[in-house]
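Subject: Structure handover and notes

Hello,

Here is the structure we talked about. My notes follow below it.

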Amino acid sequence: MIYTIEKPQKSQDLKKQFLDQLKYFISKNKMPDNIKGLITDEKFIKENPSYYTYYPHLFNTVFKVTNVEILNTLTLAGFLYYKAVMVIDEMFDDKSKEKNFLGFLISDICKEEAIKLLSSLFSLEHQFWSSWNGRKFQYVKAYEIDKNPHKIISYEDYEELADYKCAFGKVAIDALYHISETNDLVEYSNLLSSHKFFYTAFQITDDITDFQEDIENEQFNIALFELEKKLGKEEVKQKSIGELKKILYLEGIINELYEKALTYLKKAKEYVEGYDLYEWKFEIQKLHNAIVKNQLNVKGFIDVFYIKNQLSNVLLETSETIKKASEKGKIFIKKEYDERKKCWQDYFNDAGISDVWTTGFVLSQDYWDIEDIDFLNEIKAISFLKSQEKETGLWGYNTKWIPDADSSTFVMRALTKHKKKISKETLELWCNFQNDDGGFSTYKNDEEVIISLNSETIVDVKGWMQSHFCVSAAAYLFLCEQGINNKSFQKLKNYLSKELEKKENIHSYWWTSNMYAFNLVYKGAIIEQDKKLLSLVLPHIWSFIEEEYIKIKETNNYFYLGLLLEVLSISNELKKYEMLREEISNLLLKNQFEDGSWKESEAMRIPYPSIINAGHPEIKWSVTDKGTNIIVKDFHRLFTTSACISGLRAYAKCIK
C-alpha cells in the first residue's frame with residue numbers, strides 16, 4: 001500500500017540552505033578551482049538521496065540541538081564524509097588508474113575537511129572520537145565482508161553488512177547524542193536500530209538494481225544469494241546474467257526480496273514509533289513507497305508478459321453476426337477474469353496494473369444480462385471491490401494506490417448495477433472531489449499525489465488537481481443512473497454545460513479523444529431527458545465525426561469506434577448517420593480476433609502532472625507504459641472489447 005501519513009516538513013528548504021553553505025565553505029578554502037568544482041559537483045548531489053544534504057536534521061527533533069551553527073557544521077561534515085566514502089566506493093569499482101588517483105585525492109580532501117569541522121565541535125579527548133573510530137572500522141569490515149561473499153550465510157549476517165556499510169550515517173546520530181548530553185541510552189539504541197533496519201531495506205533495493213555490477217565486481221549480492229539457494233552455486237555459474245535476471249523476475253524472487261525489504265522498514269518504523277522524528281519517518285515512508293511502486297512494476301511486467309502471450313492475434317476467418325460477435329466478446333471478458341486475484345486487470349503504467357478501476361469499469365457495463373447472473377454470483381469480483389474500499393471510504397486505480405474520483409465513480413457504478421448500496425458517507429466523500437467550478441478532479445490532495453509519485457523532481461501537480469471533463473462526464477452519468485438531483489448534481493451539470501458551450505475545443509484530460517466523455521455525457525443526458533445538455537453535446541459529436549472519424553478508423557482505434565457506434569445507436573437524434581453506423585458495425589465484425597477480443601487501442605494518456613491543457617499541440621506524446629506525457633494501450637483489451645460489445649449491442653437494438 002502507498003502510504004501518505006507522514007508529510008514532508010522542511011527537507012526542500014534544508015537542501016537549498018545546505019547547497020549555499022557548501023559552496024560558501026568550499027569557496028573559502030585554498031584549493032584549485034577544479035577540485036572545488038568536483039567537491040561541490042551538483043551531479044553527485046542529484047544522483048544521491050537528498051537527505052544526505054541535511055542528515056543530522058533527520059534525528060535532531062529527538063536530540064533538540066538548538067544551536068544552528070553546530071547543526072550546519074554537523075551537516076557539512078556529514079556530507080563531506082559521505083562523499084569521501086562514496087568516492088572510495090567508486091574507486092574500488094573503477095579500475096582506471098587516472099580516475100583512482102583523482103578519486104583518492106577528492107576523498108582525502110573531503111575526509112580531512114570533515115574531520116576539521118568535527119574537531120571544532122569535539123576536543124581530542126572527547127568520547128565522540130571513540131565512536132568515530134568504531135564507525136570507521138565498521139566500514140572497513142563492511143568492505144572485507146563484501147569482497148568475501150561466502151562469509152554471509154544468513155540474513156543476520158546481511159543486516160550486519162548493511163549496518164556497517166552505512167556506518168558514516170550513524171556518525172550523525174553519535175554526534176547529536178554527545179552534543180545534546182541527553183544520556184538516554186535506550187533512545188540512542190532505538191535510533192541506531194531503526195537506522196540499521198532502514199539501511200538493510202535500502203541495501204536490498206540497491207542489490208536488486210546493481211545485480212549485474214555486483215557479480216562483475218565479485219561483491220556480495222542478496223539476489224544472487226537467493227538464486228544460489230534456489231538453483232545451487234554450480235547451476236548459477238553456468239547461466240548467463242540475462243538468464244539469471246529472467247529467473248529472478250519470473251520465479252518471484254525479486255518480489256520476495258521486496259517483501260523482505262518492506263518487513264525491515266516496518267521494523268525501522270517500530271523502533272521510533274513513539275518519537276518525534278517526522279523527517280526520519282518520512283524517509284522511511286518514501287523508501288516504503290518506492291519499494292511498493294517497484295513491486296507494482298515488477299508484478300505488472302510479469303502479468304503483462306503472460307497475458308499478452310495468451311491473447312489471439314488471428315482474425316476470425318468469417319465475420320460473425322452482430323449477436324454472435326457480441327456474445328463471443330462477452331465470453332472473452334468472462335474468460336479473462338482472474339479467479340486467483342478475484343478481479344479483472346488492464347492498463348499498465350508507473351502505478352502498476354489497474355485491477356480496482358478496471359474491475360469497476362468491466363462490471364459497470366450494460367452488456368451484463370439476466371443469463372449472466374450465475375457467472376456474476378459465482379465470481380468474487382463484487383466482493384473484491386467491496387474489500388478494496390480504502391480507509392478513506394473510496395477506491396483507487398489499484399489495490400496499492402491512493403483513492404481517486406474516477407476509480408471510485410466506476411466502482412460505485414458497478415456496485416449499484418449489481419444491487420449493492422452506496423452509503424451516504426461514501427457519496428459525501430466522493431463529492432469532496434468536486435471543485436468550485438462544479439467539475440470533478442481526479443485527485444483532491446496535492447500533497448498526497450506528490451508523496452505517491454515519490455519523485456524528487458515533481459513538485460507541481462496542479463494539472464491533476466483541476467476539474468477534468470472526462471472525470472466529470474463519468475460522475476454525471478453515475479448521478480443520472482442513481483437519480484440523484486442535489487446541489488452537487490446541478491453544479492456538475494452547469495460545469496459540463498459551460499465546457500460544451502465553449503467555442504474552443506474541449507480536451508479530455510486522460511483520454512486521447514473526447515468521444516470517451518461525449519459518450520458518457522450523452523448517455524446521462526438521455527437518462528435525464530435533459531434537452532439542453534443533449535443540444536450542447538450533439539454538435540460536438542457531429543464535429544467529431546467530421547474531423548476525427550477518419551483518423552480513428554485508419555488507426556484501427558476500436559475503443560473509440562465502439563463508443564461512437566453506441567452513441568449513434570441509442571438515440572433518434574442521430575438517425576441521419578445510419579450508413580455510418582452500418583460501416584462501423586461492419587468494421588468491428590471484420591476485425592474481431594478468434595478469442596472474441598478486439599485489438600488494444602491507443603486511448604488513455606498520462607500527462608505530466610503540472611500540465612493544465614493536455615490537448616496542447618506542442619506536447620510530444622510517446623506510446624509506452626513508463627513515465628508521463630505518454631499514451632498507454634489497454635494491453636488486456638478489456639476496455640476496447642467492452643466498448644465494441646456495447647456498440648454492437650446498441651446497434652443491434654436500433655435496427656430491430
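Are F220 and F225 buried or exposed? F220 is buried, and F225 is buried too. Buried here means under 20% relative accessible area, exposed means over 50%, and partly exposed lies in between (1.4 Å probe, protein chains only).

First, the ground rules. This is a predicted model, in which local features need pLDDT of at least 70 and side-chain atom pairs count only at pLDDT 80 or more, while totals for chains, interfaces and linings use all residues. Residues are numbered from 1 along each chain as its sequence is written, and side-chain values use heavy atoms, with hydrogens and water left out.

Overall picture

The protein has 32 helices and five strands. These are DSSP runs numbered from the N terminus (helices: H or I, at least four residues; strands: E, at least two). The C-alpha atoms fill a box of roughly 95 × 60 × 45 Å along the principal axes. Of the 656 residues, 55% count as buried. Contacts with a separation of 6 or more come 74% from residues 24 or more positions apart. Contact means heavy atoms within 4.5 Å.

The exposed surface is about 30,400 Å², and carbon and sulfur atoms supply 50% of it. Areas come from the Shrake-Rupley method with a 1.4 Å probe; for residues, only the protein chains shown count as cover. There are 86 positive and 99 negative charges, and their mean positions are 3 Å apart. Lys and Arg count as positive, Asp and Glu as negative; His and the chain ends are not counted. Each charge is placed at NZ of Lys, CZ of Arg, CG of Asp or CD of Glu.

Covered helices

Start with α27 (residues 515-528). Eleven of its 14 residues are buried, so the rest of the structure largely encloses α27. The buried set includes M515, Y516, F518 and K523. Their cover includes α21 (405-417), α25 (469-482), α26 (487-501), α28 (531-547) and α30 (558-569). At 1.5 Å a residue, α27 should span 20 Å, and its end C-alpha atoms are 20 Å apart, which agrees. The expected span is 1.5 Å times one less than the number of residues.

Now α21. Twelve of its 13 residues are buried, so α21 too is largely enclosed by the rest of the structure. Among the buried residues are D406, F410, M412 and R413. The buried residues of α21 pack against α18, α20 (381-387), α22, α25 and α27. The expected span of α21 is 18 Å, and its end C-alpha atoms are 18 Å apart, which agrees.

Helix α18 (residues 356-363) is mostly covered, with eight of its eight residues buried. W357 and F361 are among them.

Aromatic pairs

Rings of Phe, Tyr and Trp (its six-membered ring) pair if their centres lie within 6.5 Å; planes under 30 degrees apart are stacked, over 60 edge-to-face, and the rest tilted. The count comes to 53 aromatic pairs. Take F44 and F79: their ring centres are 6.1 Å apart and their planes are at 75 degrees, so the pair is edge-to-face. This pair links distant parts of the chain, with F44 in α3 (residues 42-47) and F79 in α5 (residues 68-93), 35 residues apart. Both F44 and F79 are buried. F220 and F225 form a tilted pair, at 5.7 Å centre to centre and 50 degrees between the planes.

Positive phi

Most residues other than glycine have a negative phi. Three residues are worth a look here. Q529, just after α27, takes a positive phi of about 55 degrees. K419 has a positive phi of about 65 degrees although it is not a glycine. K419 lies in the loop between α21 and α22 (424-431), and is exposed at 78% relative accessible area. N556 is not a glycine either, and has a positive phi of about 55 degrees. N556 sits in the loop between α29 (549-554) and α30. At 34% relative accessibility, N556 counts as partly exposed.

Two single residues

Q138 is in helix α7 (residues 128-146). At 17% relative accessibility, Q138 counts as buried. Leaving aside neighbours within four places in sequence, Q138 is in contact with Y164, A167 and K170.

G252 lies in the loop between α14 (241-250) and α15 (253-271). G252 is partly exposed, at 22% relative accessibility.

Best wishes
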